[in-house]
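Reader: I'm new to reading protein structures. Could you walk me through this one, step by step?

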Amino acid sequence: MIAPIRTGTLRQWDPTLPPEDQIRDLLRTATGVVLGEGRESMILARLGPLMRHLGMNGLDELVSTLRKPESAGLVEEVLDLLTTHETSFFRDPPVFSWLRTYAIPTLLRGIDRKTPLRVWSAACSTGQEAWSVAMSVLEDHPGQAIEVVGSDISPPTVRAAADGRFSTLAANRGLPAKALLRWFERDGAAHYLVRPELRRTCRFDVHNLISQTRIDGPYDLVLLRNVLIYFSEADRTRALQNVAHVMRPGGILVLGTAEGLMPIPGDQLRAERMDNIGFRVRI
Amino acid sequence: MTARAVIIDDSRATRLLIARNLRAIGIESVEFGDAESALDMLYTGPIPHLALIDRNMPGIGGLGFIRSVRADPQFSDLCLLMVTSETAPERVAEAFEAGCDEYLMKPFTTEALLEKLQMLGFTWEANP
């Protein structure tokens with residue numbers, strides 16, 4: 001497993017800064033995520049339960065603990081709490097409908113069924129997007145080989161994604177009940193587990209979009225949705241360069257709905273816009 | 001045209017919760033505590049666009065309601081969403097065999113309910 005977080009960098013911090021700014025610096029240094037001003041309440045809302053659990057009185061105490069070299073595990077936990085975003089199966093139905101009716105058939109036109117369609121679900125959180133793409137391909141193109149890689153910066157989140165185990169609350173979110181019956185089996189009273197035929201299509205790893213270049217490309221389809229909006233412009237450029245590096249010519253990149261309208265400089269990704277949803281890498 | 005729904009659940013709290021969520025996206029609803037009264041309404045009043053049905057209720061229950069509706073072609077456009085605390089796959093499969101269109105497990109969040117309505121083709125202008 002890759003360790004994307006270097007606790008050593010914390011010692012360079014300015015302890016005279018207010019604790020919420022130090023948390024903000026930690027997040028930016030380790031993950032590239034920029035938390036805007038006025039998000040103190042979000043920091044407290046997300047870290048409050050952890051601090052109560054640890055018997056801490058406030059952010060000051062948490063920050064001084066985080067600075068200790070032995071706190072790597074706690075740093076990981078804090079970053080996980082701050083970066084885990086809400087997700088659901090088939091999130092943003094118009095995008096999935098576009099993927100199923102247009103993008104995926106376009107990508108499959110050039111390959112035979114035994115050649116796997118290679119998909120990267122970047123910043124995949126707890127994996128719903130990766131499993132959703134795999135279900136889409138298996139349902140629409142029976143017999144088509146597919147390899148989906150889901151990646152996220154947070155090790156606990158990646159572990160959860162790889163488990164493929166969802167509470168009934170999570171299984172309710174965006175997943176048609178017929179797909180639940182087909183691709184999941186019950187696991188105890190309150191959970192559903194991905195069935196083996198779906199499980200074998202996806203794997204998950206820890207990956208930092210800004211500082212790490214993947215070496216397992218090329219990918220036909222990359223989903224990088226609702227991630228870039230949290231990055232500074234420089235980190236956005238770096239992340240796009242890293243993505244462009246592993247995309248197959250003719251491959252398709254899908255950004256978040258709002259992100260598709262952002263300018264994408266040609267030196268990062270030589271690509272054509274598609275329906276304001278995706279970008280097709282020039283051949 | 002405003003979409004109309006019927007909510008059938010023997011829990012008043014659940015009926016109120018669903019009705020509030022529907023109202024927020026512009027769907028008007030009427031509520032019933034049992035399936036038989038809801039069926040009577042279908043035959044006497046205007047046919048709604050959507051029914052949200054609990055499974056376990058006294059009388060013919062949710063499955064009985066779904067089977068009755070699906071047996072009568074005049075209700076063929078009525079969307080049926082079962083909303084129940086039954087989470088076992090056999091129960092989900094039974095509901096589909098009876099003729100429901102989609103299935104939501106309790107407890108559910110507002111987002112989950114809205115996502116199921118989207119799956120059934122209901123759209124609204126802005127998320128509440």
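Reader: Let's start with D101(B): what is its relative accessible area, and does that make it buried, exposed or partly exposed?

Author: Sure, and keep in mind that this is a predicted model. The relative accessible area of D101(B) is 34%. Buried means under 20% and exposed means over 50%, so D101(B) falls in between and is partly exposed.

Reader: Which residue forms a salt bridge with D101(B)?

Author: For a salt bridge, a side-chain nitrogen of Lys or Arg has to lie within 4 Å of a carboxyl oxygen of Asp or Glu. Here the closest N and O atoms are 2.8 Å apart. The pair links distant parts of the chain, since D101(B) is in the loop between α4 (89-98) and β5 of chain B and its partner is in helix α3 (residues 61-70) of chain B, 31 residues apart. At 29% relative accessibility the partner counts as partly exposed too, and that partner is R70(B).

Reader: And how many residues apart are R100(A) and D140(A)?

Author: Their side chains meet in a salt bridge, at 2.9 Å from N to O. R100(A) is partly exposed at 23% relative accessible area, and D140(A) counts as partly exposed at 33%. R100(A) belongs to helix α5 (residues 93-109) of chain A and D140(A) to helix α6 (residues 128-140) of chain A, so this pair links distant parts of the chain, 40 residues apart.

Reader: Is R214(A) buried or exposed?

Author: R214(A) forms a salt bridge with D205(A), with the closest N and O atoms 2.6 Å apart. R203(A), D205(A), R214(A) and D216(A) are linked in a network of salt bridges. The relative accessibility of R214(A) is 6%, and the cut-off for buried is under 20%, so R214(A) counts as buried.

Reader: Now the two chains together: how many salt bridges are there between chain B and chain A?

Author: Over all chains, the count comes to 24 salt bridges. Between chain B and chain A, E115(B) forms one with R173(A), where the closest N and O atoms are 2.6 Å apart. The count between these two chains is 1.

Reader: What area is buried between chain B and chain A?

Author: In contact there are 19 residues of chain B and 18 residues of chain A. T87(B), M105(B) and E115(B) supply 32% of the area that chain B buries against chain A, more than any other three residues. Carbon and sulfur atoms give 62% of the total area buried, which is about 1,500 Å².

Reader: Which residues of chain A does E102(B) touch?

Author: E102(B) sits in strand β5 (residues 102-105) of chain B. With a relative accessible area of 6%, E102(B) is buried. Leaving out residues up to four places away in sequence, its contacts in chain B include L80(B), F96(B) and K116(B), while in chain A they are L175(A), P176(A) and A177(A).

Reader: One last thing: why are α3(A) and α4(A) called oblique to each other?

Author: The axes of helix α3 (residues 59-66) of chain A and helix α4 (residues 72-83) of chain A come within 9 Å. L62(A), T65(A) and L66(A) of α3(A) make the contact with L74(A), V75(A) and V78(A) of α4(A), which gives 5 nonpolar, 1 polar and no charged residues. An angle over 145 degrees would be roughly antiparallel, and 65 to 115 would be roughly perpendicular. The two axes cross at roughly 130°, so α3(A) and α4(A) are oblique.

Definitions and conventions: Residues are numbered from 1 along each chain as its sequence is written. Chains are lettered from A and ligands numbered from 1 in the order in which they are written. This is a predicted model: local features need pLDDT of at least 70, side-chain atom pairs count only at pLDDT 80 or more; totals for chains, interfaces and linings use all residues. Side-chain values use heavy atoms; hydrogens and water are left out. Axes are lines fitted to C-alpha atoms, for helices over the stretch in contact, and angles run from 0 to 180 degrees between N-to-C directions. Helices (H or I, at least four residues) and strands (E, at least two) are DSSP runs, numbered from the N terminus. Angles under 35 degrees count as roughly parallel, over 145 as roughly antiparallel, 65 to 115 as roughly perpendicular and the rest as oblique. Contact means heavy atoms within 4.5 Å. Ala, Val, Leu, Ile, Met, Phe, Trp, Tyr, Cys and Pro count as nonpolar, Asp, Glu, Lys and Arg as charged, and the others, Gly among them, as polar. Buried means under 20% relative accessible area, exposed over 50%, partly exposed in between (1.4 Å probe, protein chains only). Buried area is the accessible area (1.4 Å probe) that two parts lose on being put together, summed over both.
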